[in-house]
Amino acid sequence: MNLLSFLSFLILAITLLTMVFGVIAYFLYKARERKKRVINLEYEVILERENAQMLFFTKE
Amino acid sequence: MVKIFQKILFVLTMVGGLYLTYLSIDHLEAIYITTASSFIRFGVIFIFAFTLFIVIRYLALMFFSVIQTIQTSADENLSNTYSELVTLVVPCYNEEEVIVPSLRSITEQTYPNIEIIVIDDGSKDDTYKLAKSFEFDNGYKSLRVISKANAGKSKALNYGIAQAQGTLICTVDADSRLDKFAVELLVQRFRDPDIAAVAGTVSVVNTDTFITKLQALEYIEGLNMVKNGQAFLKLVNIIPGPLGMFRKSAMKKVGYYSHDTYAEDCDITLSLIAEGYKIDFEPDAIAHTEAPENLLDLLKQRYRWTRGILQAIRKNKRFLWHVRGNASISFVMWYMLFESIFWPFIQIWGDIFMIYLALTTGTSQLLLFWWILFTVLDIAGAMYCLLLTKEKLSLAAYSTIYRLAFITVINIAKIFATIEEWFNIEMSWGKLERRGRIG
């Protein structure tokens with residue numbers, strides 16, 4: 001295998017891996033944001049979203 | 001000596017770039033002749049046209065940038081006589097980590113006639129208390145802090161502008177530290193009455209990790225080559241959040257900041273260009289800001305930027321075909337559309353096409369030539385920009401990884417952001433956590 005072929009293969013492999021890594025990283029980011037949004041959810045936000053004056057929790 | 005070495009390296013990379021362009025074209029031609037597949041033929045022509053376009057873009061921006069730099073150097077001899085009152089508006093939300101060095105740098109500005117208005121946009125931390133300790137009024141300079149309920153950056157900016165006495169409005173992000181001559185340099189650009197806004201330079205302050213070094217390189221190229229090139233045409237397309245100055249009367253004419261996009265800075269710049277105003281750039285007015293230090297934070301930032309820019313483009317889409325009415329806005333819109341959508345899509349499509357080509361025809365050298373060609377262009381661009389700035393020459397070496405991995409990952413995030421914007425998927429501002437690196 002000559003140098004040019006080796007480099008070509010190397011770049012090809014890195015490009016492929018980077019693309020897979022890029023997709024994974026994006027979904028990791030989305031998953032982190034979704035988790036953060038749930039943790040940071042405030043009472044007032046839920047109240048506004050539910051369009052209610054008060055929220056009641058029932059005991060099972 | 002170092003500068004001479006840099007210049008020699010710059011010339012060598014440019015010559016190398018031209019040789020690689022020739023090799024790539026030669027390779028593409030060979031594939032085109034030998035293949036019978038119409039898909040591959042189409043792909044080859046497409047890649048050729050795209051590559052040629054990118055090479056021309058690089059050369060044109062570099063050429064415009066060189067002329068702009070020469071013009072700016074000639075203008076430096078003009079006397080400093082412009083002394084209008086400038087109002088600095090600093091919107092902040094939960095900035096306790098960075099507000100002190102930021103306000104200290106603002107109060108230390110050399111420009112004498114300054115009014116500083118800090119808008120605390122309902123912070124839940126000690127931002128208001130810390131900012132309040134800076135309040136003063138000595139007749140020439142003053143700083144006051146106003147607190148309001150949280151409603152977003154654009155509304156905080158408009159709230160501050162409504163209180164402003166100055167005829168020039170300088171907007172500064174609370175996570176940025178200004179060089180002491182920044183305001184003075186920006187003001188001088190307003191000698192031309194057609195100038196409605198001037199963009200400042202943004203410099204990455206935390207260049208101690210691999211990912212922030214890559215961003216530093218990106219900022220240097222994006223500002224010194226791209227923005228400087230755009231400044232030659234007086235059509236800078238975005239006034240950056242960390243530092244920008246506006247003529248208040250022009251802002252009033254376009255209705256100040258709008259609240260319907262996540263890129264209010266891009267939106268207002270487009271509105272000003274559409275009104276026929278000129279937008280300039282001052283390379284020596286520097287705001288130091290901290291860049292995201294991990295990949296997920298970086299993706300979060302780029303996701304918001306991409307969707308914000310697309311929202312601004314969509315909002316102003318009527319100007320895309322406005323060539324006869326105002327060719328400038330039409331040109332800027334197409335340029336932004338290319339940079340934010342077409343380029344990422346074509347780059348990723350090109351990579352996939354070449355991988356397909358390698359797997360089906362065994363021709364894997366094209367991807368190597370393509371990558372080297374773009375890397376050489378990046379190195380040449382970086383060399384040129386590093387010649388203009390005081391940044392370290394070693395940053396140019398990061399161009400190899402920049403093109404091979406960094407841009408690919410960013411482009412993938414841009415593509416997903418574009419798709420989500422297309423389908424109107426809900427999004428939030430996505431504020432980054434500050435680490436207090438600007439002090």
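**Exercise 1. Find where B:Tyr256 sits, and decide whether it is buried or exposed.**

Solution. In this predicted model, B:Tyr256 lies in the loop that links α8 (248–253) and α9 (264–274) of chain B, where helices (H or I, at least four residues) and strands (E, at least two) are DSSP runs numbered from the N terminus. The next step is the backbone: B:Tyr256 has a positive phi of about 55° although it is not a glycine. For the last step one needs the burial scale, on which a residue is buried if 20 or more other C-beta atoms lie within 10 Å of its own, exposed if 12 or fewer, and partly exposed in between, with C-beta atoms placed from the backbone. B:Tyr256 has 20 other C-beta atoms within 10 Å and is therefore buried.

A note on conventions belongs here: residues are numbered from 1 along each chain as its sequence is written, while chains are lettered from A and ligands numbered from 1 in the order in which they are written. Since the model is predicted, local features need pLDDT of at least 70 and side-chain atom pairs count only at pLDDT 80 or more, whereas totals for chains, interfaces and linings use all residues.

**Exercise 2. Describe B:Asn94 and B:Asn113 by loop and by burial.**

Solution. Begin with B:Asn94, which is found in the loop between β1 (86–92) and α3 of chain B. B:Asn94 has a positive phi of about 50° although it is not a glycine, and B:Asn94 counts as buried because it has 20 C-beta neighbours inside 10 Å.

Turn then to B:Asn113, which is found in the loop between α3 (99–107) and β2 (114–121) of chain B. B:Asn113 has 15 C-beta neighbours inside 10 Å and so counts as partly exposed. Leaving aside neighbours within four places in sequence, B:Asn113 is in contact (C-beta atoms, placed from the backbone, within 7 Å) with B:Ser83, B:Glu84, B:Leu85, B:Val86 and B:Tyr140. As for B:Glu221, it is 108 residues from B:Asn113 in sequence and 33 Å from it in space, C-alpha to C-alpha.

**Exercise 3. Classify the packing of α9(B) with α11(B), and of α7(B) with α12(B).**

Solution. Axes are lines fitted to C-alpha atoms, for helices over the stretch in contact, and angles run from 0 to 180 degrees between N-to-C directions. Angles under 35 degrees count as roughly parallel, over 145 as roughly antiparallel, 65 to 115 as roughly perpendicular and the rest as oblique.

For the first pair, the axes of α9(B) and α11(B) come within 8 Å and cross at roughly 150°, and the two helices are therefore roughly antiparallel to each other. In this contact B:Leu270, B:Ile273 and B:Ala274 of α9(B) meet B:Ser328, B:Ile329 and B:Val332 of α11(B). By class (Ala, Val, Leu, Ile, Met, Phe, Trp, Tyr, Cys and Pro are nonpolar, Asp, Glu, Lys and Arg charged, and the others, Gly among them, polar), these residues divide into 5 nonpolar, 1 polar and no charged.

For the second pair, the axes of helix α7 (residues 210–232) of chain B and α12(B) come within 9 Å and cross at roughly 75°, which makes α7(B) roughly perpendicular to α12(B). The residues of α7(B) that meet α12(B) include B:Leu217 and B:Glu221, and those on the side of α12(B) include B:Tyr384 and B:Leu388. This contact has 8 nonpolar, 2 polar and 1 charged residues.

**Exercise 4. Describe how the two domains of chain B meet, and locate the largest nonpolar core.**

Solution. Chain B is divided into domain 1 (2–74 + 331–422) and domain 2 (80–294), with bounds that come from an automatic or database domain assignment. Taken over C-alpha atoms, 31 Å separate the centres of these domains, and 24 residues of domain 1 are in contact with 18 residues of domain 2. On the side of domain 1 that touches domain 2, α2(B) gives the largest share, 7 residues, and the residues of that side divide into 17 nonpolar, 6 polar and 1 charged.

A nonpolar core is a set of buried Ala, Val, Leu, Ile, Met, Phe, Trp, Tyr and Cys residues joined through C-beta atoms within 7 Å. The largest one has 133 residues, and those with the most contacts inside it are B:Val90 and B:Val118. Its largest share, 17 residues, comes from helix α12 (residues 365–388) of chain B. Both domain 1 and domain 2 of chain B give residues to this core, so it lies between them.

Technical notes:
Two residues are in contact if their C-beta atoms, placed from the backbone, lie within 7 Å.
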